[in-house]
Amino acid sequence: MADRLNTLEKAAVIARECDRCGNCTTVCPLYAEKDIESSAARGKNNLALGLAAGMLEPSRRMLDAANFCLLCRTCVDNCPTKVETDEVMIALRQHLTDELGGVTLKYKGLGILMKSRTLVRLSAFAMALMRGLGVNGLAPRGLVPSEYTRRRFLSAYAGPALLGAPAAPSPSAIDSSSRVAYFNGCGMQMMFPDAAACSRRLVAQHAPGKLVSVDNRCCGLVHLAHGMRNDFIALAKENIRLYENTDIIVTDCASCSSTLKHTARYFDDDPQWRERAQAFGKKIMDITEFLVKSGHTPQRKTGARLTFHEPCHLGRGQGLRKEPRELLKAAGEYVEMKGADTCCGGSGSFHLDFPEVSDRLLDKKRDNIEQSGAAIVVTECPACLAQMQKAARDSNGRFVAMHISQVL
Amino acid sequence: MISEEIKQQLRSIVGPDHLLDSDIDRFGYSYDSSFVPFAEANKPDVIVRPADTAQVSAIMKLANHHAIPVTARGTASGRTGGSIPIAGGIALSLTRMDKIIELDERNMMVTVGPGMRTMDLYNHCAEKGLFYPPDPASWKYSTIGGNIAENAGGMRAVKYGVTSNYVMGLEVVLADGSVIRTGGKAIKNVTGYNLTQLFVGSEGTLGIVTEILLKLIPMPKARNTMQLMFPDMEQACGTIHSMLQSGIVPAAAEIMDQTSFQAVARHRKLDINPAIQACVIIEIDGDSQDALQRQAARIEATARRHNAIEIRTAASQAESDDIWAIRRGLSSAVGGMAPNRFGEDISVPRDAFPQVVRRIREISEKYGFTIAVYGHAGDGNLHPSVLCDMANPEHAAKVHHAIEEIFDAALAVGGTLSGEHGIGITKRPYTAKALGAASIQAHKAIKQALDPKGILNPGKIWEHDAREGQ
């Protein structure tokens with residue numbers, strides 16, 4: 001019980017910074033779709049405060065309202081007092097989950113799947129099999145996306161000279177003694193194996209001789225976001241241990257890198273783990289950051305017209321806005337689309353929970369991609385990439401979607 | 001309580017998706033942007049979201065028949081509790097009525113629904129080279145209907161006036177559901193009472209505004225922003241006063257004390273010279289860049305005479321936006337400095353501004369509260385924010401005395417309780433003192449004539465006795 005109050009009190013401490021002005025209503029992508037009070041940050045923060053003040057009782061409906069949040073941090077960026085509504089929602093979901101008697105079956109299933117390395121591998125295998133058999137289109141809501149591979153990209157856009165050309169020498173900005181490791185996120189492993197292989201190659205290219213191989217665990221964002229905080233803590237501890245003997249940990253999933261970088265925040269009250277968590281967080285590098293710091297130059301600039309969908313966890317989550325664009329400008333003919341940093345509606349399992357709203361957000365995104373005239377929309381997060389592939393499918397071949405590692 | 005049968009009738013008017021009555025929704029529509037604490041009694045029974053005038057009219061007929069309270073609201077960005085449904089009943093959310101109905105370029109007028117956001121209206125007109133000047137600090141998210149209800153002001157009032165100066169006509173649904181139109185596009189119009197201006201600033205107590213006709217002016221061709229820093233508030237006020245006296249009328253002249261701008265600096269990671277005690281932000285506009293430069297030079301010379309420490313003229317739109325972001329973020333940033341903030345909105349004759357600021361300093365020392373002061377020095381409207389912790393019994397016991405003394409200071413120099421936020425519920429206890437008993441009687445007579453059952457936003461503006469109900 002003390003723990004539960006503690007979770008709610010944590011949410012309330014942050015939410016109390018809310019001045020109830022309403023600035024968030026102008027930027028929240030969900031409020032634009034459903035303009036009622038509980039959609040935007042003001043309404044959500046005040047739910048936490050209403051609960052803390054005893055004005056409201058915990059209810060499924062309230063949990064639904066807390067789940068109706070993309071955790072995209074657009075409100076945080078635009079808030080005069082920078083209230084971290086995403087943190088409030090994570091804590092509120094945890095509190096309500098505990099109060100209402102545990103995690104619902106759907107999230108529990110997802111949590112169990114991603115907690116186990118074996119199950120992630122099995123799913124990856126099953127999805128590969130489905131793609132191989134060409135039956136992945138039967139999976140609901142694009143959960144088994146067909147990947148547009150680097151090979152197809154090269155054959156479509158690269159001149160023959162590029163194929164098989166030696167990698168350009170790279171003036172490495174990473175310390176020559178750095179022990180570098182790749183963090184293979186679950187989404188990348190299960191849904192986008194070609195992209196993950198490209199990332200692995202890029203990491204290896206800039207860590208010659210010092211590449212450490214680690215069989216990592218899930219970053220735990222799914223668990224954290226859906227009231228399974230204990231699982232998150234357990235996974236984080238395992239990852240901290242697994243990567244003890246590395247200096248740099250590179251991940252090609254914006255949600256993983258953003259979650260892992262913030263690990264220490266969840267060990268504030270644990271003196272035993274606090275410092276280790278801090279040290280771990282400092283090692284994390286998103287792949288775009290890693291490649292820019294390593295001075296990566298793509299093998300050759302292709303004629304492909306590229307645009308970038310900026311994952312929430314990359315731009316707002318880590319302030320990495322210049323890096324991916326810099327890399328893409330070197331890789332092809334880069335065009336910035338309108339609203340590049342607006343959430344695509346993927347947001348972990350949001351697109352499963354609220355398919356209609358998610359589809360509407362994605363339709364807007366697709367319009368913007370089409371208007372940019374790009375042939376390829378590039379992104380750096382498997383949830384976003386799955387959404388982008390849905391958009392590509394709906395655009396009837398006007399563009400394809402790829403992971404950034406595949407075009408560099 | 002509203003019966004299930006009435007709810008069903010309301011649903012058939014607006015459609016089942018646009019009536020909300022879950023506990024979390026009722027709670028979500030029980031507060032606004034004021035410091036009024038949450039209360040069970042402030043939860044509406046239902047939230048109804050009409051799409052057009054006909055629906056509003058049908059809702060009012062039903063509500064009037066059953067004597068159900070109706071409190072209109074836009075985005076609830078008000079600072080005085082004006083849109084809080086303290087008598088329960090229906091919270092009438094007008095955000096779906098957010099369209100431009102007509103932009104009449106030849107007459108330079110625009111007709112708009114009450115739920116449109118002020119900034120969207122501004123942008124829509126600006127695309128055609130037309131200018132809607134009133135810009136309350138909340139213009140990004142406040143609605144034009146709310147601006148009408150509170151007669152919102154803003155930064156540009158010193159040169160361009162406030163909302164009421166632009167309202168040419170209204171469509172209003174009265175308490176019994178009948179629909180009237182006031183005013184019109186004729187610039188001269190003296191047929192009948194000036195009902196338009198009666199509804200402007202009436203805080204939703206006399207009718208529901210469903211359509212608004214606004215006049216526009218040509219967009220100034222050039223605009224720039226200056227930021228002036230001073231060693232004290234006296235010099236800052238003196239600069240603005242000297243400017244206005246010498247015939248320089250800036251589009252906006254905002255002042256803020258050290259406590260205020262430090263609150264924003266905290267969030268924007270700015271380093272500010274500790275010798276600076278006051279900051280003035282000025283917007284200048286005119287026909288050409290040349291004209292602007294001449295104005296800027298004269299302002300700079302005036303500021304130098306008043307010992308300005310720093311003078312910055314924006315070199316780009318981005319820099320200009322940056323300077324304004326400081327001012328626009330003020331209210332919320334100051335609010336975040338203490339558990340409770342009582343943000344006031346007194347307005348005084350322009351030349352009394354420095355005197356009132358001095359008086360507020362004395363009140364701050366007397367009661368031991370930090371009082372952040374910022375506001376529209378150009379038009380005499382200032383926002384003292386009393387920072388306190390209501391969980392501390394000592395604070396709770398004396399904060400209202402401090403506020404009352406601030407009001408007294410304003411009234412003593414011929415000023416008023418509220419310049420632009422309205423009275424709502426937070427300033428209700430002081431209206432009798434500000435207006436006098438006979439004036440309150442006149443208010444009540446008007447209310448009685450237009451809303452005999454007292455269903456429109458009950459309990460606002462003046463203290464209601466038991467007989468009037470809440």
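In chain B of this predicted model, a good place to start is strand β12 (residues 222-230), which pairs with strand β14 (residues 278-286) in the antiparallel sense over nine bridges. If you would like a landmark along that pairing, look for Leu228(B), whose bridge partner in β14(B) is Val280(B).

Strand β14(B) also pairs with strand β13 (residues 252-257) of chain B; these two run antiparallel and are joined by six bridges. Here you can find Asp257(B) standing opposite Ala278(B) of β14(B). With these pairings in view, is β14(B) mostly covered or mostly open? Mostly covered: eight of its nine residues are buried.

Now turn to where the chains meet. On chain A, 25 residues are in contact with 26 residues of chain B. Two elements of chain A, α3 (41-52) and α4 (60-67), each give two or more residues to the side that touches chain B. Of these, α3(A) gives the most, with four residues. The chain A side is mixed in character, with nine nonpolar, nine polar and seven charged residues.

Finally, look inside. In soluble globular proteins, nonpolar side chains tend to be buried together. The largest nonpolar core in this model has 123 residues, and those with the most contacts inside it include Ala48(A), Val250(A) and Ile376(A). Helix α21 (residues 382-394) of chain A gives the most to this core, with seven residues. To explore one spot, center your view on Val250(A): leaving aside residues up to four places away in sequence, Val250(A) touches Val180(A), Tyr182(A), Phe183(A), Val203(A), Met285(A), Ile287(A) and Phe290(A). A second, separate core has 67 residues, among them Phe35(B), Ala251(B), Ile371(B) and Leu387(B).

Note on methods. Residues are numbered from 1 along each chain as its sequence is written. Chains are lettered from A and ligands numbered from 1 in the order in which they are written. This is a predicted model: local features need pLDDT of at least 70, side-chain atom pairs count only at pLDDT 80 or more; totals for chains, interfaces and linings use all residues. A residue is buried if 20 or more other C-beta atoms lie within 10 Å of its own, exposed if 12 or fewer, and partly exposed in between; C-beta atoms are placed from the backbone. Two strands pair if DSSP finds at least two bridges between them. Two residues are in contact if their C-beta atoms, placed from the backbone, lie within 7 Å. Ala, Val, Leu, Ile, Met, Phe, Trp, Tyr, Cys and Pro count as nonpolar, Asp, Glu, Lys and Arg as charged, and the others, Gly among them, as polar. A nonpolar core is a set of buried Ala, Val, Leu, Ile, Met, Phe, Trp, Tyr and Cys residues joined through C-beta atoms within 7 Å.
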